[in-house]
Amino acid sequence: DEKNLYMAVACMEPEPAKLRAEAKLRNQQVWTDDCVEIWLRAGTGKLDFDQFIVNSIDTQGDYRMRNGREAERKNTWQAKTSKGAERWTAEFTIPAADVDLDAFRHGDRLGLKIGREDHTAPETGLAIWPAGAPYAGFDGFSAVYVEDPNCVAAPALEDRKRWSADA
């Protein structure tokens, strides 16, 4: 459907019993737990983004920046997590309205970063996509495009025919 963006992130974790999940209330420092974070930029403003965070027990946190300043959050997105023997998975449903769009349409360009905080070892591990991007903040977003059916692609533009539904 065009009204929601669906994303899933699988996190390899050989010791899921060690996952830290202390935040139990929305926006209660969820980022200090083992969590998955999605930064999404729907417009062209370099100082705008929406951040969606979920820990391994479904506690959600979000953050919204507009023109470089914290802005009112929409809070209608949802996330659900599950744990397996050697991984945990976070699934996100992000309404277009939460990022100030009326729909996600084929060909829409979005800015995207995906991060994971891992607190299972003595030192916190941070993983980020795209590789080499700063973990947080305004920089390092990769351009992705809404495809069919509601799938984002981060293509090498020189081989557009390979990834495009139009080819």
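Start with the whole chain: of its contacts with a separation of 6 or more, 56% are between residues 24 or more positions apart. The model is predicted, so read every value below as computed from that model.

**Whole chain**

Colour by secondary structure. The chain holds 1 helix and 11 strands. Followed along the sequence, the order is β-β-β-β-β-β-β-β-β-β-β-α, with the helix coming after the strands. Now switch to a surface view. The accessible surface is about 9,200 Å², and carbon and sulfur atoms account for 50% of that area. Of the 167 residues in the chain, 46% are buried.

**Stop 1: the loop between strand 1 and strand 2**

Select strand 1 (4-12) and strand 2 (35-41), then the loop that joins them; Asn27 sits in this loop. Lys24 belongs to the loop between strand 1 and strand 2 too, and so does Gln29.

Take Lys24 to begin with. Is Lys24 buried or exposed? Lys24 is exposed, at a relative accessible area of 58%. Which residues does Lys24 touch once neighbours within four places in sequence are set aside? The contacts are Ile57 and Thr59. Draw a distance from the C-alpha of Lys24 to that of Ile57: the value is 7.9 Å, for two residues 33 apart along the chain.

Move on to Asn27 and display its backbone torsions. Most residues other than glycine have a negative phi. Asn27 is not a glycine, yet its phi is positive, about 65 degrees. Asn27 counts as partly exposed because its relative accessibility is 25%, and the buried class ends at 20%.

Gln29 shows a positive phi as well, near 50 degrees, and is likewise a residue other than glycine. With a relative accessible area of 48%, Gln29 is partly exposed; the exposed class requires over 50%. A second distance can be drawn from here: the C-alpha atoms of Gln29 and Gln60 lie 9.4 Å apart, with their positions 31 residues apart in sequence.

**Stop 2: the cysteines**

Select Cys11 and Cys35 and show their sulfur atoms. How many disulfides does a search of the whole structure find? The search finds 0. Why is Cys11 not bonded to Cys35? The closest cysteine sulfur to that of Cys11 is the one in Cys35, and at 9.1 Å it is too far for a bond; a disulfide needs the two sulfur atoms within 2.5 Å. Seen from the other end, Cys35 is in no disulfide, and its nearest cysteine sulfur is that of Cys11.

Next, check the burial of each. Cys11 counts as buried, at 4% relative accessibility. Cys35 is buried too, with a relative accessible area of 0%.

**Stop 3: the cavity**

Turn on internal cavities. Rolling a probe the size of a water molecule over the atoms shows where empty space is left. How many cavities of 30 Å³ or more are counted here? The count is 1. The largest cavity holds about 60 Å³ of space.

To see its walls, select the lining residues:

- Asp50, Gln51 and Phe52 are among the lining residues.
- Asp62, Tyr63 and Arg64 are also included.
- Arg73, Lys74, Asn75, Trp77 and Asp98 complete the lining.

Strand 3 (49-55) and strand 4 (60-66) are the elements that give two or more residues to this lining. Colour the lining by class: 6 residues are charged, 3 are nonpolar and 2 are polar.

**Stop 4: the cis peptide bond**

Go to Trp129 and Pro130 and show the backbone between them. Most peptide bonds are trans. The bond from Trp129 to Pro130 is cis, with omega near 5 degrees.

Trp129 lies in strand 9, whereas Pro130 falls in the loop between strand 9 (125-129) and strand 10 (142-147). Trp129 is partly exposed, with a relative accessible area of 34%. For a last distance, select Arg116 along with Trp129: their C-alpha atoms are 9.1 Å apart in space, and the two residues are 13 apart in sequence.

Note on methods. Residues numbered from 1 in each chain as written. Predicted model: local features only at pLDDT ≥ 70, side-chain atom pairs only at ≥ 80, totals over all residues. Heavy atoms only, no water. 1 Å grid on protein atoms, 1.4 Å probe; cavity = no way out; pocket = protein on both sides within 12 Å on 5 of 7 lines; lining within 4 Å. Points joined across faces, edges and corners; volume = space filled by probe spheres on them. Helix = DSSP H or I, 4+ residues; strand = E, 2+ residues; numbered from the N terminus. Nonpolar A, V, L, I, M, F, W, Y, C, P; charged D, E, K, R; others polar. Buried < 20%, exposed > 50% of the residue type's maximum accessible area, 1.4 Å probe, protein only. Contact = heavy atoms within 4.5 Å. Areas by Shrake-Rupley, 256 points an atom, 1.4 Å probe, with all protein chains shown as cover.
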